[in-house]
Amino acid sequence: GSSIGIVGGGQLGRMLAVAAAQLGYKCHIFDPHEDPPAAHVAAGFTRGAYEDAEALAEFATQVDVITYEFENLPVGPLAVLGPKLRPGTRSLAVAQDRAVEKQFIEECGATVAAWRSVDSADDVERAVAELGTPIVLKTRRYGYDGKGQAWIRNPSEAQSAWDSIGHEPAVAEAGVEFDAEFSVIVARWEDGRTTFWDSPDNVHREGILRTSTVPPPPVIAGQVEHARTAAANIASALDHVGVLTVEFFASRNGPIVNEIAPRVHNSGHWTIEGAFTSQFEQHIRAVCGLPPGSTDLACHSARMDNLIGDEIADWQGLLADPHAHVHIYGKGEARPGRKMGHVTRIDVG
Ligand code: ATP
Ligand code: MG
Ligand code: MG
């Protein structure tokens, strides 16, 4: 087929649509908002609610394959799309609930930080007693960019942390003393073939990704092989088709999985200019059953910096560096903490 439906119209959908267009595909976007960034670069746009099974089924009749760029989608309405949906709903269901996700990751033989499911203040007190501090509470659902999280650095903060996440069902997770953070970005084909990019060194501030750099330093590079095995096992257990990202902490005791995203990922944006095939193109290749492209570095090193909130204001100033690859997502208001664009700088030596 030659048309692709993308559920979710944010910057990830936008960059997927650009990559798909280069391969001759027309993308149609499904998103509840009025003017989503992906619609600006797509062949079609349907405004509809993610819960609207009828609208999604109608959308599906217009395209040959459907993918998604956002994991917080209700699974029920998408399940009726059957094999046209790639990746399938299992990847969504696991990734959108942190308790299900952690249990699943452990069943795949990978390590996560010690954790407990918590549904009440008493549960939180018990988790603090059993795991010690520091602990981070994370709502099971709908968290991103560090939202829906509260740290407990001292047992006396248990109640206020529980209050601050709004008494939502959550996980309590031991704070990890990590040397660095990195991600494994894997693309998987229906027949089980997988490709990996270099693992970026990811730096977060206040729960938000700030920079991703490749190649990673030795403290990360030494853990990548182990981490790739974990990521491949997770992708395979999900029957995942397309790109999947696993975030890791590089700890003294080896790689610890933080979370998974069943999709292209912010820490892979550097692949647009820094690798022979970008994560976006590779995802399109995988969901359309095309051959994999090379994931080799196309440079000595690459560094991506997010443009968050106000940082977008001087985007024209960034262009003063003629080698900077500036990406602007075309979002409306530059609210604090909102990802508005990114800049990639590659070193070709
Ligand atoms: P994303 O936008 O990546 O989906 P998120 O809201 O799902 O973010 P997490 O990835 O769970 O949030 O956490 C954000 C960041 O907070 C992590 O990348 C890490 O820097 C820090 N963090 C989260 N959990 C822990 C932990 N258990 N120990 C230490 N640091 C942590
Ligand atoms: Mg997350
Ligand atoms: Mg994360």
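Which residue stands opposite Phe249 in E14? The answer is Ile256. Keep that pair in mind as we walk through this predicted model, since the strands around it come up again below.

## How the chain is divided

Let's start with the big picture. The domain assignment splits the chain into domain 1 (3-85), domain 2 (114-174) and domain 3 (178-347). If you take the centres of domain 2 and domain 3 over C-alpha atoms, they are 28 Å apart.

There is also a record to look at. UniProt, in an unreviewed entry, lists residues 102-288 as "domain: ATP-grasp". Over residues 102-288 the chain is 29% helix and 33% strand. The C-alpha atoms at the two ends of that stretch are 30 Å apart.

## Two open sheets

Now for the strands. A bit of background helps here: strands of a sheet pair through backbone hydrogen bonds, and they can do so in a parallel or an antiparallel way. This model lets you look at both kinds of pairing.

Take the parallel one to begin with. It is an open sheet of 4 strands, in the order E3-E2-E1-E4. Its edge strands are strand E3 (44-47) and strand E4 (65-68), and each of these pairs on one side only. From one strand to the next, the twist averages 20 degrees. Zoom in on strand E1 (residues 3-7) and you'll find that it pairs with E4 in the parallel sense over 4 bridges. One example to look for in the structure is Gly5, whose bridge partner in E4 is Ile66.

The antiparallel sheet is open as well and has 4 strands, this time in the order E5-E8-E6-E7. Strand E5 (115-118) and strand E7 (149-152) each have a single partner strand, so one side of each is left without a neighbour in the sheet. Here, too, the twist averages 20 degrees from one strand to the next. E5 is joined to strand E8 (residues 170-174) by 4 bridges, and the two run antiparallel. Within that pair, Arg116 stands opposite Ala172 in E8.

## Strands around E13 and E17

Back to the opening pair. Is strand E13 (residues 242-251) mostly buried or exposed? In E13, 8 of the 10 residues are buried, so the strand is largely enclosed by the rest of the structure. On one side of the story, strand E9 (residues 178-188) pairs with E13 in the antiparallel sense over 10 bridges. Phe182 belongs to this pairing, and its bridge partner in E13 is Phe248. E13 is also joined to E14 by 7 antiparallel bridges, and a hairpin of 2 residues leads from E13 to E14. That's where Phe249 stands opposite Ile256.

Strand E17 (residues 339-347) can be read in a similar way. Of its 9 residues, 7 are buried, so E17 is largely enclosed by the rest of the structure. Strand E15 (residues 301-308) and strand E16 (residues 325-328) both pair with E17. In the E15 pairing, Ala302 has Ile346 of E17 as its bridge partner. In the E16 pairing, His327 stands opposite His342 in E17.

Here are the bridge counts for these antiparallel pairs:

| Strand pair | Bridges |
|---|---|
| E9 and E13 | 10 bridges |
| E13 and E14 | 7 bridges |
| E15 and E17 | 8 bridges |
| E16 and E17 | 4 bridges |

## A buried helix

Helices can be tucked away too. In helix H11 (residues 279-287), 9 of the 9 residues are buried, so the helix is largely enclosed by the rest of the structure. Among them are Phe280, Ile284 and Val287, but also Glu281 and Arg285. After H11 comes Gly289, with a positive phi near 70 degrees.

## Where the ligand sits

Finally, what surrounds ligand 1? Its shell holds 17 residues, and the closest are Tyr144, Gly175, Val176, His204 and Gly207. Two elements give two or more residues to this shell: strand E6 (135-139) and strand E14 (254-261). Sorted by class, the shell has 4 nonpolar, 6 polar and 7 charged residues.

Why does ligand 1 count as lying between two domains? Domain 2 (114-174) and domain 3 (178-347) both give residues to the shell, so ligand 1 lies between them.

Terms used:
Residues numbered from 1 in each chain as written. Chains lettered and ligands numbered in written order. Predicted model: local features only at pLDDT ≥ 70, side-chain atom pairs only at ≥ 80, totals over all residues. Near = placed C-beta within 6 Å. Nonpolar A, V, L, I, M, F, W, Y, C, P; charged D, E, K, R; others polar. Domains from an automatic or database assignment. Pairing = 2+ DSSP bridges. Axes fitted to C-alpha atoms, helices over the stretch in contact; angles between N-to-C directions. UniProt positions renumbered as here; feature names shortened; annotations may be inferred. Buried ≥ 20, exposed ≤ 12 C-beta atoms within 10 Å, placed from the backbone.
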